[in-house]
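Hi,

Here is the structure I promised to pass on. Have a look at it first, and then read my notes below with the model open beside you.

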Amino acid sequence: MAAARRAREEMGGLHVAVAGRAMAVVERDGTHDPATGRVLTGSWLWDSSLVLASHLADDDSARLRLRGATVLELGAGGTGLPGIAAVACLGAARCVLTDVRALLPGLRANAEANGLTSAQADVRELRWGDQLEHQLRVDVVLMSDVFYDPVDMPAMAATLRGLWRDGAGGGTVGWAASEVRDSVQDCMDVLREHGFEVAEVDRVTRPLLRYPDQTAAFAVYRVSLRQQEGS
């Protein structure tokens, strides 16, 4: 993988196509968790991010919801491709890119590499279980490769509940993408227990970005907050 990254750097960096536009991707090697010293693999571009961005570009209803929207990407990693692409080429007005503090410099670098201003791309620390300010109006929530460990889902659900709003046009809506693995369904079950509906809307099998001689299946999900009876 290191050799592949060096080759990309020599060729002017990594670019991926979304809605006919070449999106620049800045991968920051050597980003570590300051508490454990472990490499944060979220600083790299993973397939689910590209699958999600491509689905949003190809889905007419998604593009309609993105038009003029404020988009928040939860667990955006170090590249924030879906959130940045939503603004750069899918019509959203603004993205809020969130993750742990160590990954925020990578998110800023990727937003700048794709021509987004600080007004268009707001980079914030947000750990699952925490909340952003109540005044923040979020129209669309995006997530990629967050359905990994069911133990993390109650905290993520708490953060999602704080972001969701009711309103004209159906309120907040979410899309998520994940590699299809055994733990995904367990994660979905926990989210449903916490009041969310999660429905698969697309599935693709594609070569892996890092291992192009291998393929994997990826699914895209639409996420909504279940309406309470009498609401």
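Let me start with one helix: on one side of α7, Asp-182 and Glu-193 are exposed. Keep in mind throughout that this is a predicted model.

The opposite side of that helix is another story. α7 covers residues 182-193, and Ser-183, Val-184, Cys-187, Met-188, Val-190 and Leu-191 are its buried residues. Why do they end up on the same side of α7? Because they cover an arc of only 160° around the axis. What do these buried residues pack against? Their partners are α6 (153-163), β7 (173-179), β8 and β9. Cys-187 has 0% relative accessibility, so it counts as buried. After the helix comes Gly-195, with a positive phi near 95°.

Now the wider view. The chain has seven helices and nine strands. It is 231 residues long, and 49% of them are buried. If you take the contacts with a separation of 6 or more, 72% are between residues 24 or more positions apart. The accessible surface is about 11000 Å², and carbon and sulfur atoms account for 49% of that.

The sheet

Seven strands form an open sheet with mixed pairing, in the order β5-β4-β3-β6-β7-β9-β8. The edges are β5 (121-125) and β8 (196-207); each has a single partner strand, so one side of each has no neighbour in the sheet. On average, neighbouring strands are turned by 20° against each other, direction ignored.

Two of the pairings are worth tracing on screen:

- β8 and β9 (residues 215-225) run antiparallel and are joined by eleven bridges. To find your place, start from Ala-199, whose bridge partner in β9 is Arg-222.
- β3 and β4 are parallel, with four bridges between them. Here Leu-72 has Val-96 in β4 as its bridge partner.

How much of β4 is buried? Five of its six residues are, so the strand is largely enclosed by the rest of the structure.

Helices on the sheet

Helix α4 (residues 81-89) packs on the sheet and touches β3 (70-74), β4 (94-99) and β6 (140-144). Its direction makes about 170° with that of β4. α4 is mostly covered, with nine of its nine residues buried: Leu-81, Pro-82, Gly-83, Ile-84, Ala-85, Ala-86, Val-87, Ala-88 and Cys-89. Gly-91 follows α4, and its phi is positive, near 95°.

Helix α5 (residues 104-113) lies across β4 and β5. Relative to β5, α5 runs at about 175°.

Two residues to click on

Leu-74 sits in strand β3 and is buried, with 0% relative accessibility. Which residues does Leu-74 contact, leaving aside its neighbours within four places in sequence? They are Thr-98, Leu-126, Trp-128, Leu-142, Met-143, Val-146, Met-156, Thr-159 and Leu-160. Met-156 is 82 residues away from Leu-74 along the chain, yet their C-alpha atoms are separated by 9.0 Å.

Ser-178 is in strand β7. Is Ser-178 buried or exposed? Its relative accessible area is 0%, so Ser-178 is buried. Leaving aside neighbours within four places in sequence, its contacts are Ser-48, Asp-145, Phe-147, Val-184, Ala-217, Phe-218, Ala-219 and Tyr-221. Val-184 in that list takes you back to α7, where Val-184 is among the buried residues.

Cysteines

You will probably want to know about these too. How many disulfides are there in the model? The count comes to zero, by a rule that asks for cysteine sulfur atoms within 2.5 Å. Cys-95 is buried, at 0% relative accessibility, and Cys-187 on α7 has that 0% value as well. Cys-89 is also on the buried list, in α4.

That is what I have for now. If you want a route through the model, begin at α7 with its buried residues packed against α6, β7, β8 and β9. From there, follow the strand order β8-β9-β7-β6-β3-β4-β5 across the sheet. End at β5, one of the two edge strands.

Cheers

Notes:
Residues numbered from 1 in each chain as written. Predicted model: local features only at pLDDT ≥ 70, side-chain atom pairs only at ≥ 80, totals over all residues. Heavy atoms only, no water. Pairing = 2+ DSSP bridges. Axes fitted to C-alpha atoms, helices over the stretch in contact; angles between N-to-C directions. Contact = heavy atoms within 4.5 Å. Buried < 20%, exposed > 50% of the residue type's maximum accessible area, 1.4 Å probe, protein only. Arc of directions from axis to C-beta. Areas by Shrake-Rupley, 256 points an atom, 1.4 Å probe, with all protein chains shown as cover.
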